[in-house]
Amino acid sequence: MKKIAPSILSADFSRLGDEVRAVEAAGADYIHIDVMDGSFVPNITIGPLVVEAVRRVTRLPLDVHLMIDAPDRYIGEFAKAGADIIVVHAEATNHLHRTVQLIKSFGKKAGVSLNPATSLHCLDHILDELDLVLLMTVNPGFGGQSFIDACLPKIQALRGLLDKKGLETELEVDGGVKEANIAQIAHAGADVFVAGSAVFGSSDYAATIAEMKLRAKEPVL
Ligand SMILES: O=C(CO)[C@@H](O)[C@H](O)COP(=O)(O)O
């Protein structure tokens with residue numbers, strides 16, 4: 001099943017609880033939470049307190065994307081705040097294997113994210129351990145950017161690797177995903193689609209999510 005993960009980065013933060021409830025009612029599969037530290041990426045956003053608040057208003061899995069340097073320092077706090085999937089950047093930790101084991105030690109699903117220019121090879125010796133791989137299709141830091149088309153072959157290559165190994169690891173794509181390009185991204189092999197501005201910028205969340213799921217399920221190119 002193809003999944004839609006609205007990124008709350010594009011939500012109205014003055015009504016965050018209502019926004020999260022609204023996308024849950026509209027058919028979202030995950031709530032995607034973008035944590036930024038002003039160092040790994042040039043923006044500062046959300047900490048564990050907000051994750052804990054979101055946890056109280058939804059039953060959906062919380063997909064927490066840590067765009068922070070040295071993420072080991074905060075994994076415990078995000079786990080306690082109620083994250084279900086914790087995603088770290090391969091570029092942000094010196095010891096990726098240790099970081100992934102740390103996430104799992106809290107009973108959470110472990111994901112690794114790669115920036116657009118980072119090679120899939122850095123996953124060669126960790127892929128079997130992962131519940132999710134998040135491929136960034138914009139340079140991380142901000143919502144509302146354009147999808148980088150050069151990332152499509154990378155999505156295809158990862159799909160091929162996962163299938164060859166028979167892994168159930170979810171392939172999530174994040175950045176510039178819209179109704180207009182979701183079929184192409186699904187065709188390349190993605191399972192989970194993060195959508196910030198496409199969902200929260202629309203006037204009808206349910207219609208947008210339904211249309212995105214339809215186009216992802218039956219890609220007409
Ligand atoms: O992690 C990020 C940005 O760094 C993303 O999750 C964006 O928030 C997605 O926003 P859109 O590109 O869908 O508007």
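The following exercises, with worked solutions, concern a predicted model of a single chain.

**Exercise 1. Overall dimensions**

Determine how the radius of gyration of the chain relates to the globule rule, and describe the overall make-up of the fold.

Solution.
- Step 1. The secondary structure of the chain comprises 8 helices and 8 strands.
- Step 2. For 221 residues the globule rule gives 17 Å, and the radius of gyration of the chain is 16 Å, close to that value, so the chain is as compact as a globular protein of that length.
- Step 3. Along the principal axes, the C-alpha atoms fill a box of roughly 45 × 40 × 30 Å.
- Step 4. Burial applies to 43% of the 221 residues.
- Step 5. Among contacts with a separation of 6 or more, 63% come from residues 24 or more positions apart.

**Exercise 2. The packing of α2 and α3**

Classify the relative orientation of helices α2 and α3, and characterise the residues of their contact.

Solution.
- Step 1. Helix α2 covers residues 48–55 and helix α3 covers residues 72–81; their axes come within 8 Å and cross at roughly 20°.
- Step 2. Angles under 35 degrees count as roughly parallel, and α2 is therefore roughly parallel to α3.
- Step 3. The crossing in which α2 passes α3 is right-handed.
- Step 4. On the α2 side the contact involves P48, V51, E52 and R55, while α3 contributes E77, F78 and A81.
- Step 5. Sorted by character, the residues of this contact comprise 4 nonpolar and 3 charged, with no polar ones.

**Exercise 3. The backbone at A70**

State what is notable about the phi angle of A70, and establish where this residue is placed.

Solution.
- Step 1. Most residues other than glycine have a negative phi.
- Step 2. In A70, a residue other than glycine, phi is positive, near 45°.
- Step 3. A70 belongs to the loop that runs between β3 (62–67) and α3.
- Step 4. Within 10 Å of A70 there are 14 other C-beta atoms, so A70 is partly exposed.

**Exercise 4. Three residues and their environments**

Decide for S113, D131 and G17 whether each is buried or exposed, and locate each in the fold.

Solution.
- Step 1. A residue is buried if 20 or more other C-beta atoms lie within 10 Å of its own, and exposed if 12 or fewer do.
- Step 2. S113 has 22 C-beta neighbours inside 10 Å and therefore counts as buried. S113 is part of strand β5 (residues 109–114). Leaving aside residues up to four places away in sequence, S113 touches H65, V87, V88, H89, L134 and M136.
- Step 3. D131 has 20 other C-beta atoms within 10 Å, so D131 is buried. The position of D131 is in the loop between β5 and β6 (132–136). Not counting residues up to four places away in sequence, the residues touched by D131 are I85, K109, A110, G111, T169 and E170.
- Step 4. G17 has 12 other C-beta atoms within 10 Å and is therefore exposed. Helix α1 (residues 16–25) contains G17.

**Exercise 5. Separation in sequence and in space**

Give the C-alpha separation for the pairs G17 and V57, S113 and G176, and D131 and A53.

Solution.
- Step 1. G17 and V57 are 40 residues apart along the chain, and their C-alpha atoms are separated by 6.2 Å.
- Step 2. For S113 and G176, 63 residues apart along the chain, the C-alpha separation is 16 Å.
- Step 3. Between the C-alpha atoms of D131 and A53, 78 residues apart along the chain, the separation is 25 Å.

Conventions. Residues are numbered from 1 along each chain as its sequence is written. This is a predicted model: local features need pLDDT of at least 70, side-chain atom pairs count only at pLDDT 80 or more; totals for chains, interfaces and linings use all residues. Axes are lines fitted to C-alpha atoms, for helices over the stretch in contact, and angles run from 0 to 180 degrees between N-to-C directions. Helices (H or I, at least four residues) and strands (E, at least two) are DSSP runs, numbered from the N terminus. Angles under 35 degrees count as roughly parallel, over 145 as roughly antiparallel, 65 to 115 as roughly perpendicular and the rest as oblique. A crossing is left-handed if the near helix is turned anticlockwise from the far one by less than a right angle, and right-handed if clockwise. Two residues are in contact if their C-beta atoms, placed from the backbone, lie within 7 Å. Ala, Val, Leu, Ile, Met, Phe, Trp, Tyr, Cys and Pro count as nonpolar, Asp, Glu, Lys and Arg as charged, and the others, Gly among them, as polar. The radius of gyration is taken over C-alpha atoms; the globule rule is 2.2 Å times the number of residues to the power 0.38.
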